[in-house]
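Please work through the following exercises with the model open beside you, and try each task before reading its solution.

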Amino acid sequence: MKKNTISIVVPCYNEARTLQAFVAEILAVQAQLPKVFLELILVNDGSADETLGVMRALASEHPNRISYLSFSRNFGKEAAMLAGFEHAAGEWVAVMDADLQDPPEMLLEMHQLITTTEYDVVATRRVSREGEPKVRSLFATMYYKLNNLISDVKIEEGARDYRLMTRPVIEAILSLPERNRFSKGLFSWVGFEVKYLEYPNIERQAGETSWSFTKLFDYAIEGLISFSDVPLTLASYVGLLTFVMAFVYGVYIVIRTLIFGAATPGWPSLAVLVVGMGGLQLLCLGIVGKYIGKIFIENKQRPMYILKEVHLHEEDDKA
């Protein structure tokens, strides 16, 4: 472990246009933290632009400060964060995005809190979503409410991955062997004392986000089923309720036939019942399938990522 060092893990996907500005902001923060060394671990998550080339140039320009890891393909942000954590040796470890939506100057307050209080983690959360589509903001709010309703692992609304953690917290996170990783949930699951700092939404400085609505929706589903089996229980209840309703309706039909005779077959209502039941069955089967799929992936024991290129910064004469 490197004393008085903050290892900053930065997952990067197509961030060639923002990396130079990001590093400049980190150097500005470094000037205000003379007793702490800030080292950067840039993780190229299979970018399709010149991100890797920019990383090489920055590492050459700052050989004592910047390391980079480059994946063989795009493995996703979760894999990039894990790779960074595994290579981070600082007394404290931070995770940040390179698009400057995570204000680097907040590191000053984060470090002050983590060194002068009992907090093990100083995290951040957005208190506004200006600049985001209203539909995305609505679904995000609904997700946090639903997650905190059905899961024992609570996640603060608007929580970001941007946080500063002590070494014991990082060791706890690295001890979790699962491959279906949802870091927001893992950060909460390991516990420890957490302090949240709030800030308004900040738009990207350049480029476009790689998080489409579909990707965010899939990510949210992964988060819901990673820390709760309530969807499986709900599927069971839906099946039981449907069976009871069908049984009651069957008894009603028998009694009505005995009293009034056979009625004219109701094809529209029959079609609705068949389609509705089929939809419920597919829904419940899909929920079960998601859990089985996660078991399938875990049992394969494939690595979370494959490194194609590694450059670790020099240890002496830090500056």
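**Exercise 1: a polar contact and its setting**

Find which residue's side chain is joined to that of Asp45 by a polar contact of 2.8 Å, and then describe where Asp45 sits.

Solution. The partner is Asn74, whose side chain and that of Asp45 are joined over 2.8 Å; a polar contact is a pair of N or O atoms within 3.5 Å, where within protein one atom must be able to donate a hydrogen and the other to accept it, and where residues adjacent in sequence count only if both atoms are side-chain atoms. Before going on, note that this is a predicted model, in which local features need pLDDT of at least 70 and side-chain atom pairs count only at pLDDT 80 or more, while totals for chains, interfaces and linings use all residues. Residues are numbered from 1 along each chain as its sequence is written, and side-chain values use heavy atoms, with hydrogens and water left out.

The next step is to place Asp45, which lies in the loop between strand 2 (37-44) and helix 2 (51-61); helices (H or I, at least four residues) and strands (E, at least two) are DSSP runs, numbered from the N terminus. Asp45 is buried and yet has no salt bridge, for Arg73, the nearest side chain of opposite charge, is 7.0 Å away. Here buried means under 20% relative accessible area, exposed over 50%, and partly exposed in between (1.4 Å probe, protein chains only). A salt bridge needs a side-chain nitrogen of Lys or Arg within 4 Å of a carboxyl oxygen of Asp or Glu, and in counting charge Lys and Arg are positive and Asp and Glu negative, whereas His and the chain ends are not counted. Once neighbours within four places in sequence are left aside, the residues in contact (heavy atoms within 4.5 Å) with Asp45 include Cys12, Tyr13, Phe71 and Lys77.

**Exercise 2: aromatic rings**

Determine how the rings of Phe71 and Tyr305 are arranged, and which cluster Phe71 belongs to.

Solution. Begin with the total: there are three aromatic pairs in the structure, where rings of Phe, Tyr and Trp (its six-membered ring) pair if their centres lie within 6.5 Å, and planes under 30 degrees apart count as stacked, over 60 as edge-to-face and the rest as tilted. Phe71 and Phe75 make an edge-to-face pair, with 5.6 Å from centre to centre and 85° between the planes. The centres of the Phe71 and Tyr305 rings are 5.1 Å apart and their planes stand at 15°, so this pair is stacked. The stacked pair links distant parts of the chain, since Phe71 is in strand 3 (residues 66-71) and Tyr305 in the loop between helix 10 (267-300) and strand 8 (307-311), 234 residues apart. Both Phe71 and Tyr305 are buried, and Phe71 has a relative accessibility of 3%. Taken together, the ring pairs link Phe71, Phe75 and Tyr305 into a cluster.

**Exercise 3: salt bridges across the chain**

Compare the burial of the partners in the salt bridges of Glu39, Glu309 and Arg125.

Solution. The structure holds nine salt bridges. In one of them Glu39 pairs with Lys2, their closest N and O atoms being 2.9 Å apart, and this joins strand 2 to strand 1 (residues 2-12) over 37 residues. Glu39 is buried at 2% relative accessible area, and Lys2 also counts as buried, at 17%.

Glu309 pairs with Arg56, the closest N and O atoms being 2.6 Å apart, so that strand 8 and helix 2 are linked across 253 residues. Glu309 is partly exposed at 22%, and Arg56 is partly exposed at 40%.

Arg125 forms a salt bridge with Glu198, again with closest N and O atoms 2.6 Å apart. Arg125 lies in strand 5 and Glu198 in strand 7 (residues 194-199), so the pair ties together parts 73 residues apart in sequence. Arg125 counts as buried at 17%, whereas Glu198 is exposed at 51%.

**Exercise 4: helices in the interior**

State how many of the residues of helix 3 are buried, and which elements the buried residues of helix 6 pack against.

Solution. Eight of the eleven residues of helix 3 are buried, so helix 3 is mostly covered; among them are Glu78, Met81, Leu82 and Phe85. In helix 6 (residues 167-174) the buried residues are Arg167, Val169, Ile170, Ala172 and Ile173. These pack against helix 3 (77-87), strand 4 (90-95), strand 5 (121-126), strand 6 (159-166) and helix 7 (183-189).
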